[in-house]
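Me: I have a model open and would like to talk it through before I set anything up. Could you take my questions as they come?

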Amino acid sequence: VAGQAQILPGTLDLLILKAVSLGPLHGYGVLLRIEQISHGALLVEQGALYPALFRLVRKGLLKANWGTSENNRRAKFYELTSAGKKRLREESEDWNRLAAAIASALKTRPEEV
Amino acid sequence: MSLYSNLQAMLAALFRRSHAENDMDEELRAHIQNRADDLSRSGLPRAEAERRARIEFGAPEKFKEECREQRGGFWLETLWTDVRFGARLLRKSPGFAAIAIVTLGLGIGANTAIFSVVHAVLLRPLPYPNANRLAIIWSQWGNETRGPASGPELIELRRRSRSFEEIGGIWTSLGTIMGTAEPEQVRLGFVTANLLPLLAEKPELGRFFAAGEDRRGAPAQMILTDGLWRRQFGANPEIIGKTARLNGGEFTVIGVLPPDFRLLFPDGTNVMADVQVYITFLDDLEKRDRDTGFLRMIGRLHRGVTMQQAQSESEMIATQLRGEAKEYAEQSLHLTVASLQGEDVRSAQPALISLFAAVGLVLLVSCANIANLLLARAGNRSHEAALRAAMGAHKGRIVRQLLTENLLLGLLGGMAALGIGWAALKWILAMQPPGIYRLIAVRLDATVLAFTLLLSIFTGILFGLAPALSAARGDLLEILKESGKTITAARPWLRQLLIVSEVSLGCVLLVGTGLMIRTFSSLLRVNPGFRPENVATFQISFPWSHYGSAVSINNFMRQLQTNLSATPGTASVSAVSHLPLDEGLGNWYSYYWPEGAPVQQQNTLMADHRAVLPGYFRTMGATLLEGRDFNDTDDAEHTHVAVVDDLLAADAWPGQSPLGKKLSIEDSPSGPFQFIREAVVVVGVVKHIQTHSLTSQGRAQVYVPEPLAPRPATTFVVRTTVPFETFAAYVRQEVRKLDKDMAIANLRPEEDYVDIARAQTRFVTILAGALGGLALFLACIGIYGVTSYSVAQRHREIAIRLVVGAKFADVRTMVLVQSGLPVAIGVFVGLLLAAALTPLLSGLLFGVRPSDPITFAAISVILGAVGIAACYIPARRAAKVDPIIALRCE
């Protein structure tokens, strides 16, 4: 697919938190949601998602419960804990600050120096 | 996460492991199914959709492992898995496991045994209250820096010192106690009242001497050791407050010491560990002569005062004393304060530290051996590692697993080591190592166990790290492509390096062993100035009540001499106040000078004084160089005479014959300890006798006839041709005939004393020999193993060589040269290392230089020969390779 990018190291956790914040999701759902909200621009390696999910659960940012998926399969659903919500807020702010700074740096033209 | 929830997660993970595993499996499976659902909705056939979904997902095991790492308690769980896996592997190769565990057991066990001794002797404090504040205070007499103090000196020091809480003194002699059993000769300790409380918390029964009970007019009281109380008084607690006869006088028993109480005084103090009866000085110490030193002083520092501070203060006091009394000036009094513990272990320390270093070397050789075994296995295991890596295990995980296996091996080796160490320790203690036997309870205690555990873990890491890293490296595809059989040895240079290091370490150890063997053989060849063979000795002490005068003592001795001379097989009988090489009686030495010497020459030379009966030199097999031995008329009534040794003659009258010359010495013709200075005529010169040690010459000697210096205790020497036991019966019988209340002690051959003087060297030599042999054996196995392995690896190559025309002998030579090279390098490096290290041993050596060329040459020949022999067997096997079979096997 043209225009797809590997996600930056360290941003997978942030994307997962964001995806889950929009509503409880199972693992495959998280994958689809990230694709959807990035308009297909970000590509997550399928297997790599799970260690990240386990890590977030262990850190107490996500909690997991078994439920039934839309196509009637048993699936483990993830949702944000309050710590997860807080972390998402903080990391989003950090990210925006960083992105703005880099964007502004990259926009610099020679006469502005 | 809090500690609690961490722990909870860990426990949950451990106990609900399979649940968590199922959970994870199901989740991943659901993911793939979901994906396949999507794919088949887009039109793919179901089977193809599932295949695609699985490919897209990637290697599930890798992600599962990563997921597991995120779970709490993960490390504990993998540790357990690895331990079980390692145990399974060891069970599958029992030969490897047995060799590795025994090798490690020997290496670590030797360390356990030596460490228990080092710990008990050097590290554990002495079994005294506040042991770290106890000091021994040495007095200087002329050039003797570790001498005893005089009575007034102790009292003055005690009065002036602000560093010491207490200063106590002891002098030991022999005495005869008559309890309820047979009269028994015992070592008698004369002490100040405060000495025993310095060395024990409290008595087992009764009390210690009270302050002031060591002065003139104090009651005659004694304190017994537990052993004597049991032997002489049937362990009767009612004895406290009752009287018993000691040396013919009545003494009240006021206390019994605890069973484990022992005197631990440094070598050279003549205070033995087994003093059994303690009494106080029954006169005022400050009124004794200033120029007669006999007291060994123990002080306890005030809290917070260092040995250094006490030393400077004592030296200041010594300076004052020298200014105040001419005796102190003549003595050139100085005081040295040293930690009692430090002085106690001074003679044993170099030997123990050397042995500790030696067992360390043995352990390193064991480690090198096991590392080699593991490297050989690593060749086979690299396939397994590659497979694991292909399935998604990371390198860290593989290294960790191998390390866990090695730790397991190390711990199993440590367990074997406890058994081996325990047996080795029993063997060591059975040798009664000198300077160690005095120190109570050498045993495998908690500290030793902890040491063994740490050592096992350390060795597990040490020998396992190189193979583990080497197994985890390596190109996956390369290894997997190879058929598994022909994998080349992991890093051949590493294996060669291990051989070089184990041979060189073994070489250092063997050179040390060789030097000790040479030292011991020099000791056996030492001529001590007398011939100890066939000389029997025994001690008697004279109860004050019956033998108060010089005449009564002399009469008894002459009578016993005559009676013993008449027993069958007796060649000659004599007696001496201090037996050569017996350190159990306070030595007697003082200044001498040629009569008429100028004053400045008078207090410069010192000699050991010995009072003897006629025939002493003949009995001991000493060499009379000039003049004559004493005879029956050499007594107090006739001209006072002396025999000197060649050292004294050379110092006093260099270049002249001393015969007929007059010598100023101290003696006591009117009775024990009533010293006077007088001039005696030299009638004979005898070759110097080594009195205190086989290795150092010691002071010059002057001999006087017994009537000129009677002592309360003496040692008989008898040259006899009958077996010792037969003679011993004669002695008991003859002594009893003369005086039924006279007890004898230390009835033993003079050779016993010579053996004791050799004991430390003998002990170190035997242990060094055992360790050297062990290292040689291990190195041998190592060389053999590596050569065999490389021959096995090279079957195909050897077969090809043989096919294209190489002769069997060529193949054999090739293998020999290639395997022999690291051995040769190892020997060379080892000799260089040994040359650098052996000077550290010089304190233990005698009659051989640390760089002794004979030892170095002999060890290189032995090690080289053994090394070549270890290579030769596999080399011969290599030459016997059948090319057809070898090539077909591939």
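**Surface, strands and a helix contact**

Reply: Gladly, and we can begin with the surface: chain A exposes about 6700 Å², of which carbon and sulfur atoms supply 55%. Please keep in mind throughout that this is a predicted model.

Me: ok, and what share of the residues in chain A is buried?

Reply: Of the 113 residues in chain A, buried ones make up 36%. Along the principal axes, the C-alpha atoms of chain A fill a box of roughly 60 × 35 × 20 Å.

Me: how many helices and strands does chain A have, and in what order do the elements run?

Reply: Chain A has four helices and five strands, and read from the N terminus on, its elements follow the order β-α-β-α-β-α-β-β-α. As for how contacts span the sequence, if one takes those in chain A between residues at least 6 apart, 50% of them join residues at least 24 apart.

Me: switching to chain B, is strand S5 covered or not, and how many of its residues are buried?

Reply: Strand S5 of chain B, residues 184-191, is mostly covered, with eight of its eight residues buried.

Me: which strands does S5(B) pair with?

Reply: One partner is strand S4 of chain B (residues 164-178), which pairs with S5(B) in the antiparallel sense over eight bridges, and a hairpin of five residues joins S4(B) to S5(B). Another is strand S10 of chain B (residues 277-280), which runs parallel to S5(B) and is joined to it by four bridges.

Me: can you give me residues to click on for those?

Reply: For the pairing with S4(B), look at B:Trp171, whose bridge partner in S5(B) is B:Phe190; for the pairing with S10(B), look at B:Leu188, which stands opposite B:Val277.

Me: now the two chains together: at what angle do H3 of chain A and H4 of chain B pack?

Reply: Helix H3 of chain A (residues 49-58) and helix H4 of chain B (residues 60-70) pack at an angle of about 10°, and their axes lie 8 Å apart. Angles under 35 degrees count as roughly parallel, and H3(A) and H4(B) are therefore roughly parallel to each other.

Me: which residues make that contact, and what classes are they?

Reply: H3(A) contributes A:Tyr50, A:Pro51, A:Phe54, A:Arg55 and A:Arg58, while H4(B) contributes B:Phe63, B:Glu66, B:Cys67 and B:Gln70. Sorted by class, the contact between H3(A) and H4(B) has five nonpolar residues, one polar residue and three charged residues.

Definitions and conventions:
Residues are numbered from 1 along each chain as its sequence is written. Chains are lettered from A and ligands numbered from 1 in the order in which they are written. This is a predicted model: local features need pLDDT of at least 70, side-chain atom pairs count only at pLDDT 80 or more; totals for chains, interfaces and linings use all residues. Side-chain values use heavy atoms; hydrogens and water are left out. Axes are lines fitted to C-alpha atoms, for helices over the stretch in contact, and angles run from 0 to 180 degrees between N-to-C directions. Angles under 35 degrees count as roughly parallel, over 145 as roughly antiparallel, 65 to 115 as roughly perpendicular and the rest as oblique. Contact means heavy atoms within 4.5 Å. Ala, Val, Leu, Ile, Met, Phe, Trp, Tyr, Cys and Pro count as nonpolar, Asp, Glu, Lys and Arg as charged, and the others, Gly among them, as polar. Buried means under 20% relative accessible area, exposed over 50%, partly exposed in between (1.4 Å probe, protein chains only). Two strands pair if DSSP finds at least two bridges between them. Accessible areas come from the Shrake-Rupley method with a 1.4 Å probe; for residues, only the protein chains shown count as cover.
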